[in-house]
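User: I am beginning to study protein structure and should like to work through one example by question and answer. Please take me through the model shown here.

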Amino acid sequence: MNPNVFRNLSYGVYVITTMDGDRPTGCTANSAMQITSSPASIAISINHDNFTNGCIKESKKFCINILSTDSDPSLIGGFGFRSGRDTDKFEGIEYDMVEGVPVLKGTCGYIVCEVIDNMETSSHTVFLGNVIEGDVKNEGTIPMTYAYYHGVIKGKSPKNAPTYLPE
């Protein structure tokens with residue numbers, strides 16, 4: 001099997017945010033999908049080794065911050081290539097609190113969810129969330145796709161990403 005075929009699937013690029021007690025934290029992700037429209041539900045996939053995984057399990061809430069092609073590319077690296085265990089990923093980052101979770105500025109939209117279930121795979125947790133808030137921001141911006149991230153920005157996938165392929 002040619003594992004590069006997975007790069008032909010349509011993905012977005014997101015920053016998943018949550019809380020570590022009173023401290024905001026999060027990670028870059030590309031696996032998020034709408035499951036149902038009524039009631040609205042979303043699924044995300046987060047690696048077991050990501051600090052954000054345990055924080056979502058503890059807080060029972062997460063936010064999908066939808067990056068756009070106009071979003072600052074440093075958001076991807078800042079949230080994707082460092083651990084929230086020992087780094088304040090929100091240092092210098094503008095955000096608002098919505099429904100108890102951080103919502104980044106400079107994105108094209110956000111979706112806040114309460115965890116209603118999860119499924120464990122060998123390497124990732126798939127969190128199922130009930131949507132409790134969401135909005136479009138920066139009307140007219142184009143959501144960033146994973147293909148855009150790799151092809152235009154020339155970005156790499158961190159080892160914990162579901163789509164990581166060794167060079």
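User: Which residue in S9 is the bridge partner of Glu114?
Analyst: The model is a predicted one, and the answer lies in the pairing of two of its strands. S8 covers residues 109-120, and S9 covers residues 124-136. These two strands pair in the antiparallel sense over eleven bridges. In one of the bridges between S8 and S9, the partner of Glu114 is Asn130.

User: How many helices and strands does the protein chain contain?
Analyst: Read along the sequence, the chain follows the pattern β-β-β-β-α-β-α-β-β-β-β-α. Here β stands for a strand and α for a helix. The secondary structure therefore comes to three helices and nine strands.

User: In what order do the seven strands of the open sheet lie, and which are the edge strands?
Analyst: Strands of a sheet pair through backbone hydrogen bonds, either parallel or antiparallel. In this open sheet the pairing is antiparallel, and the order is S2-S1-S5-S8-S9-S4-S3. Neighbouring strands are turned by 35 degrees against each other on average, direction ignored. Two strands pair on one side only, and these edge strands are S2 and S3.

User: Is S3 largely in the open or buried?
Analyst: S3, residues 32-37, is an edge strand. Five bridges join S3 to S4 in the antiparallel sense, and a hairpin of two residues links these strands. One of the bridges has Ser37 with Ala40 of S4 as its partner. Of the six residues of S3, the number buried is zero, so S3 lies largely in the open.

User: Which strand supplies the largest share of the largest nonpolar core?
Analyst: In soluble globular proteins, nonpolar side chains tend to be buried together. The largest nonpolar core here has 13 residues, and Ile16, Ile44, Ile46, Ile56, Phe62, Ile64 and Phe127 touch the most other members. S1, S2, S4, S5 and S8 each supply at least two residues of this core. The largest share, three residues, comes from S4.

User: Which residues does Ile44 contact, leaving aside its neighbours within four places in sequence?
Analyst: A contact requires heavy atoms within 4.5 Å. Ile44 is among the core residues that touch the most other members. With its neighbours within four places left aside, Ile44 is in contact with Ile16, Ser31, Ala32, Ile56, Phe62, Ile64, Thr125, Val126 and Phe127.

User: Which residues of H1 are buried?
Analyst: H1, residues 51-59, lies across S1, S2, S4, S5, S8 and S9, at about 55 degrees to S1. What covers the buried residues of H1 includes these strands. Buried means under 20% relative accessible area. In H1, the buried residues are Phe51, Thr52, Asn53, Cys55 and Ile56.

User: Which residue just after H1 takes a positive phi?
Analyst: H1 ends at residue 59. Just after this helix, a positive phi of about 65 degrees is found at Lys60.

User: Which strand gives the most to the lining of the second largest pocket?
Analyst: About 160 Å³ of space lies in this pocket. Eleven residues line the pocket, and the closest to its centre are Ser31, Ala32, Met33, Ala43 and Ser45. S3 and S4 each supply at least two residues of the lining. The strand that gives the most, with three residues, is S4.

User: What percentage of the contacts with a separation of 6 or more is between residues 24 or more positions apart?
Analyst: The protein chain has 167 residues, of which buried residues make up 44%. Among its contacts with a separation of 6 or more, the share between residues 24 or more positions apart is 66%.

Note on methods
Residues are numbered from 1 along each chain as its sequence is written. This is a predicted model: local features need pLDDT of at least 70, side-chain atom pairs count only at pLDDT 80 or more; totals for chains, interfaces and linings use all residues. Side-chain values use heavy atoms; hydrogens and water are left out. A nonpolar core is a set of buried Ala, Val, Leu, Ile, Met, Phe, Trp, Tyr and Cys residues joined through side-chain atoms within 4.5 Å. Buried means under 20% relative accessible area, exposed over 50%, partly exposed in between (1.4 Å probe, protein chains only). Helices (H or I, at least four residues) and strands (E, at least two) are DSSP runs, numbered from the N terminus. Two strands pair if DSSP finds at least two bridges between them. Axes are lines fitted to C-alpha atoms, for helices over the stretch in contact, and angles run from 0 to 180 degrees between N-to-C directions. On a 1 Å grid over the protein atoms alone, a cavity is a set of points where a 1.4 Å probe fits but cannot get out, and a pocket is an open set with protein on both sides within 12 Å along at least five of seven lines; lining residues have an atom within 4 Å of a point. Grid points are joined across faces, edges and corners, and a volume is the space filled by probe spheres set on the points.
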